[in-house]
Amino acid sequence: MIANVHADAIRRIDNAELIGVADNSYEFALKFAQKWGVKAFNDYNELLLNKEIDVVCVCTPSCFHAQNAIDALNKGKHVVLEKPMAITVEDTDKIIETCAKTGKLLTVISQLRFSKDIIKVKKLIEDGTFGKITLCELNMKYYRSPEYYSSSPWKGTLKFDGGGALMNQGIHGIDLLEFIMGDIKNVEGKAKTLFHDIEVEDTAVAIVEFSSGALGTIIASSCAYPGFNRQITICGSDGYAILSENKIEKLFIKDQPCEANDVCDLGGASDPTKIDSDYHKLQFENLMSAIKGEAKLLIDCYEGKKAVKIIESIYKSRT
Ligand SMILES: NC(=O)c1ccc[n+]([C@@H]2O[C@H](COP(=O)([O-])OP(=O)(O)OC[C@H]3O[C@@H](n4cnc5c(N)ncnc54)[C@H](O)[C@@H]3O)[C@@H](O)[C@H]2O)c1
């Protein structure tokens with residue numbers, strides 16, 4: 001799948017030429033070669049020995065990335081390596097060592113770092129435009145169908161995919177989180193397989209502490225139907241940015257004119273006196289009905305306790 005994106009990108013670059021392809025299935029290699037008008041190599045080592053080739057794109061299942069990249073570097077090729085760089089930190093270190101040893105260049109695909117809007121938000125944070133950055137939320141509520149996993153021999157497996165909602169679907173967002181916000185100092189979380197019949201996680205949450213002191217959260221899913229755009233929200237003392245996929249959805253900077261009313265009209269988010277009374281009214285009415293024995297009290301003391309208990313647990317788990 002992604003090899004086609006690589007081929008198309010290469011096709012659109014004037015001084016680049018796609019020479020050929022290798023796949024562990026020669027049949028797949030032939031099909032791909034026919035589609036793109038290139039040579040199909042029967043053996044991957046033959047491709048690596050070809051003198052015409054300067055750069056090798058590694059688009060294999062994630063668990064092969066490290067070995068494929070190391071082999072290509074050792075044969076004197078530069079490498080474009082699909083994400084994730086590898087499925088263990090140990091393997092990323094082996095790739096780094098091989099780059100240093102061979103002096104060849106390797107780039108790990110993280111195409112969204114080239115988005116103008118993402119770069120703009122990163123710069124606004126660095127310039128201090130949003131004031132003191134305190135919070136960042138990364139939400140990656142995606143959906144992959146059961147067929148997405150059942151039709152692939154490697155997706156969703158621990159051995160070949162290395163992970164799920166985080167390592168496969170979520171890695172771009174996680175890469176962007178640190179790219180935009182700066183170094184992450186601590187991270188802790190939970191990952192579960194709740195819906196899909198797969199070995200890797202389909203649901204994960206994490207709490208992040210950035211070196212800047214800001215706090216953040218990560219939410220990742222591959223079973224949040226029908227799937228939402230990835231959203232990154234950055235909040236500071238003088239404004240905020242919301243990125244939806246790779247575009248700015250909203251930007252608010254203190255003391256600057258803003259055209260979008262929904263952004264300007266912040267209501268109770270910035271001024272508690274502006275909270276309207278509609279919902280209070282409804283709750284009062286429920287209490288009144290309950291007093292008269294006509295309705296169940298919807299939010300009783302047990303309900304009220306729940307949120308306090310959650311918050312107290314968070315405080316107690318603080319280090
Ligand atoms: N950058 C992105 O946005 C993006 C998007 C999708 C996938 N990816 C990454 O691209 C990689 C490939 O994903 P895909 O969806 O294209 O997978 P795919 O299953 O469509 O293609 C993988 C190909 O590799 C071949 N292959 C398997 N084992 C091999 C081996 N040992 N040597 C050579 N070829 C082998 C398979 O036959 C298949 O043709 C994954 O690591 C994935 O994480 C990146």
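Analyst: Let's start with a yardstick: a residue is buried under 20% relative accessible area, exposed over 50%, and partly exposed in between. Keep in mind that this is a predicted model.

User: Thanks! Is Tyr-143 buried, exposed or partly exposed?

Analyst: Tyr-143 is partly exposed because its relative accessibility is 23%. This tyrosine sits in the loop between strand 6 (133-141) and helix 7 (146-150).

User: Which residues is Tyr-143 in contact with, leaving aside its neighbours within four places in sequence?

Analyst: Tyr-143 meets Phe-195, and also the run Ser-222, Cys-223, Ala-224, Tyr-225, Pro-226 and Gly-227. For a sense of distance across the model, take Val-79: Tyr-143 is 64 residues from Val-79 in sequence, and their C-alpha atoms are 31 Å apart.

User: Now a second loop residue. Where is Asn-168 placed, and is Asn-168 buried or exposed?

Analyst: Asn-168 belongs to the loop between helix 7 and helix 8. With a relative accessible area of 8%, Asn-168 is buried. Beyond residues up to four places away in sequence, Asn-168 touches Lys-83, Tyr-148, Trp-154, Lys-155, Asp-161 and Gly-163.

User: Let's turn to sheets. What should I look for in general?

Analyst: The strands of a sheet pair through backbone hydrogen bonds, and the pairing can be parallel or antiparallel. Then read the strand order and find the edges. One open sheet here has three strands in the order 3-4-5, with parallel pairing. Its edge strands are strand 3 (55-58) and strand 5 (106-108), each pairing on one side only. From one strand to the next, the twist averages 15°.

User: How many bridges pair strand 4 with strand 5?

Analyst: Three bridges pair strand 4 (residues 78-81) with strand 5 in the parallel sense. To find the register, look at Val-80, which stands opposite Thr-107 in strand 5. Helix 4 (residues 65-74) packs on this sheet and touches strand 3, strand 4 and strand 5. The direction of helix 4 makes about 160° with that of strand 4.

User: What is the strand order of the seven-stranded sheet?

Analyst: That open sheet runs 7-8-9-6-10-11-12, and its pairing is mixed. Strand 7 and strand 12 are at the edges with a single partner strand each, so one side of each has no neighbour in the sheet. The twist in this sheet averages 10° from one strand to the next.

User: Which helices pack on the seven-stranded sheet?

Analyst: Helix 6 does, touching strand 6, strand 10, strand 11 and strand 12, with its direction at about 25° to that of strand 12. Helix 8 packs on the sheet as well, touching strand 6, strand 7, strand 8, strand 9, strand 10 and strand 11; its direction makes about 165° with that of strand 6.

User: How do strand 6 and strand 10 run, and what about the edge at strand 7?

Analyst: Strand 6 and strand 10 run antiparallel and are joined by six bridges, with Leu-138 standing opposite Ile-232 in strand 10. Strand 7 pairs with strand 8 (residues 203-210) in the antiparallel sense over eight bridges, and Glu-188 has Ile-207 of strand 8 as its bridge partner. Strand 7 (residues 184-192) lies largely in the open because zero of its nine residues are buried.

User: How should I read salt bridges?

Analyst: Side chains of opposite charge can pair when their charged atoms come close. The cut-off here is a Lys or Arg side-chain nitrogen within 4 Å of an Asp or Glu carboxyl oxygen, and the count comes to eleven salt bridges. Asp-8 and Arg-11 make one of them, with closest N and O atoms 2.7 Å apart. Because they are three residues apart in helix 1 (residues 2-11), about one helical turn separates Asp-8 from Arg-11.

User: Which parts of the chain does the Asp-175 and Arg-113 pair link?

Analyst: Their closest N and O atoms are 2.5 Å apart. The pair links distant parts 62 residues apart: Asp-175 is in helix 8 (residues 171-181), and Arg-113 is in the loop between strand 5 and helix 6 (116-127). Arg-113 is partly exposed at 32%.

User: Is Arg-230 buried or exposed?

Analyst: Arg-230 is buried, at 3% relative accessible area, and its side chain meets that of Glu-245 in a salt bridge (3.6 Å, N to O). Glu-245 is partly exposed at 26%.

User: Last one: which residues make the nonpolar surface patch?

Analyst: Ile-310, Ile-311, Ile-314 and Tyr-315 make that patch of about 400 Å². Ile-310, in helix 11 (residues 301-316), is exposed at 54% relative accessible area.

Definitions and conventions
Residues are numbered from 1 along each chain as its sequence is written. This is a predicted model: local features need pLDDT of at least 70, side-chain atom pairs count only at pLDDT 80 or more; totals for chains, interfaces and linings use all residues. Side-chain values use heavy atoms; hydrogens and water are left out. Two strands pair if DSSP finds at least two bridges between them. Helices (H or I, at least four residues) and strands (E, at least two) are DSSP runs, numbered from the N terminus. Axes are lines fitted to C-alpha atoms, for helices over the stretch in contact, and angles run from 0 to 180 degrees between N-to-C directions. Contact means heavy atoms within 4.5 Å. Patches are made of residues with over 30% relative accessible area and no salt bridge: like charges are joined within 9 Å, nonpolar side chains (Val, Leu, Ile, Met, Phe, Trp, Tyr) within 5 Å. Accessible areas come from the Shrake-Rupley method with a 1.4 Å probe; for residues, only the protein chains shown count as cover. Buried means under 20% relative accessible area, exposed over 50%, partly exposed in between (1.4 Å probe, protein chains only).
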